[in-house]
Amino acid sequence: MNALLILVMGRIAGVTAAETRQRLLRAAADVFAERGYDGTRVADIAAAAGVSNGALYAHFASKADLLAGALRAHGRNLLADMFAADPEQPVVELLLLVGRSLARRRDARGYLIVEALVAARRDEDVARPMREYIGERADWLAELIRLAQAGGELDPALSPDAVAHFCLLLAMGSALVPPDLHAIGEEDWAALLTRVAGALTRTDTTAQRGINAVKVHIDPECCQGHGRCYDLAPGLFGDDEEGYGQVLGDGVVPPGLADQARRAVANCPERAIDLLEET
Ligand code: SF4
């Protein structure tokens with residue numbers, strides 16, 4: 001902390017109230033993730049942010065408020081980040097990309113939610129703001145699911161709230177059981193998610209056309225490992241150790257990923273990918 005910064009009436013000279021608040025939230029996220037909720041004193045956060053305890057209480061009423069604020073500001077929310085970066089990307093594709101990352105998550109931002117969930121079990125002061133926080137996340141996710149249903153990506157018969165809840169449980173469960181506790185093969189995990197996505201997607205006209213399943217297949221004789229398939233259709237393709245394309249799982253294309261499959265077929269420079277219709 002720069003010694004020349006002078007605390008003036010609970011604020012740091014030359015720093016706006018909003019900046020002080022941001023600084024406190026950043027410090028809270030770091031300290032909670034490192035020491036846990038119970039092991040953190042409000043004074044630790046104030047010191048890490050370089051402000052007085054009085055300045056801290058001018059912004060946050062309690063340690064529990066700081067925890068909820070730190071989660072909103074710095075908790076891991078990859079899905080929201082990716083959606084903000086590219087709102088045009090199909091929702092099923094986003095869900096699959098985020099879902100695949102869950103099997104390998106081990107970042108400090110993810111530990112914050114663990115601390116908050118554990119603290120909420122023991123402390124009603126934490127449980128209250130956590131209920132609000134989880135409710136906000138679930139509502140946002142349910143809106144995203146509604147968007148996907150309106151766009152024909154997901155089965156409109158499904159409850160958006162139930163799908164949102166399922167996604168939240170997966171995300172939070174992966175924070176509680178990181179890969180150092182239990183690892184799962186990434187390809188196996190991706191194949192399972194693709195299958196789950198297939199079950200959530202809208203039934204299309206394939207059934208009416210007497211087609212049981214549309215599958216992708218890579219001809220290993222032709223594949224040269226350009227990687228377009230798994231870049232363009234990460235829900236359907238992965239790569240082997242040498243970068244050659246591999247079909248995930250049994251290759252069945254969920255209706256919501258039909259566009260991905262067509263894009264991969266059209267962009268494979270070796271024409272190594274086939275779309276097979278099984279009747
Ligand atoms: S795009 Fe075609 S050539 Fe490239 S890795 Fe995929 S299947 Fe192989």
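**Figure 1. The exposed side of helix α9.** A162, L169 and G173 are exposed here, on the other side of α9 from its buried residues. Keep in mind that this is a predicted model. The view takes in the whole helix, residues 160–176.

**Figure 2. The buried side of helix α9.** Turn to the other set and you find P160, V163, A164, C167, A171 and A175, which are buried in α9. Their arc around the axis is only 120°, so they sit on the same side of α9. The spacing fits the usual helix rule: with 3.6 residues a turn, residues three or four places apart point the same way.

**Figure 3. Helix α9 from end to end.** How far apart are the end C-alpha atoms of α9? They are 24 Å apart, and that agrees with expectation, because 17 residues at 1.5 Å a residue should span 24 Å.

**Figure 4. Helix α12 and what it packs against.** This helix runs over residues 258–267, and its buried residues are Q260, A261 and A264. They share the same side of α12, since the arc they cover around the axis is only 100°. Which elements do the buried residues of α12 pack against? The list mixes helices and strands: α6 (91–102) and α11 on the one hand, and β3, β4 (237–239) and β6 (273–278) on the other.

**Figure 5. C223 in its loop.** Look between β3 (213–218) and α11 (228–232) for the loop that holds C223. Is C223 buried, exposed or partly exposed? It counts as partly exposed, because it has 19 C-beta neighbours inside 10 Å, and a residue needs 20 or more to be buried. Leaving aside residues up to four places away in sequence, C223 touches I218, Y244, G245, E270 and A272. G243 is 20 residues from C223 in sequence, with 10.0 Å between their C-alpha atoms.

**Figure 6. The shell around the ligand.** C223 turns up again here, among the closest residues to the ligand, along with H226, C229, G245 and C268. In total, 14 residues surround the ligand. Sorted by class, that shell has seven nonpolar, five polar and two charged residues. G245 is also one of the residues that C223 touches.

**Figure 7. The protein chain as a whole.** Pulling back from the close-ups, the secondary structure comes to twelve helices and six strands. Of the 279 residues in the protein chain, 34% are buried. Among contacts with a separation of 6 or more, 72% are between residues 24 or more positions apart.

Methods
Residues are numbered from 1 along each chain as its sequence is written. This is a predicted model: local features need pLDDT of at least 70, side-chain atom pairs count only at pLDDT 80 or more; totals for chains, interfaces and linings use all residues. Helices (H or I, at least four residues) and strands (E, at least two) are DSSP runs, numbered from the N terminus. A residue is buried if 20 or more other C-beta atoms lie within 10 Å of its own, exposed if 12 or fewer, and partly exposed in between; C-beta atoms are placed from the backbone. Two residues are in contact if their C-beta atoms, placed from the backbone, lie within 7 Å. A residue is near a molecule or strand if its C-beta atom, placed from the backbone, lies within 6 Å of it. Ala, Val, Leu, Ile, Met, Phe, Trp, Tyr, Cys and Pro count as nonpolar, Asp, Glu, Lys and Arg as charged, and the others, Gly among them, as polar. The expected span of a helix is 1.5 Å times one less than its number of residues. The arc is that of the directions from the helix axis to the C-beta atoms.
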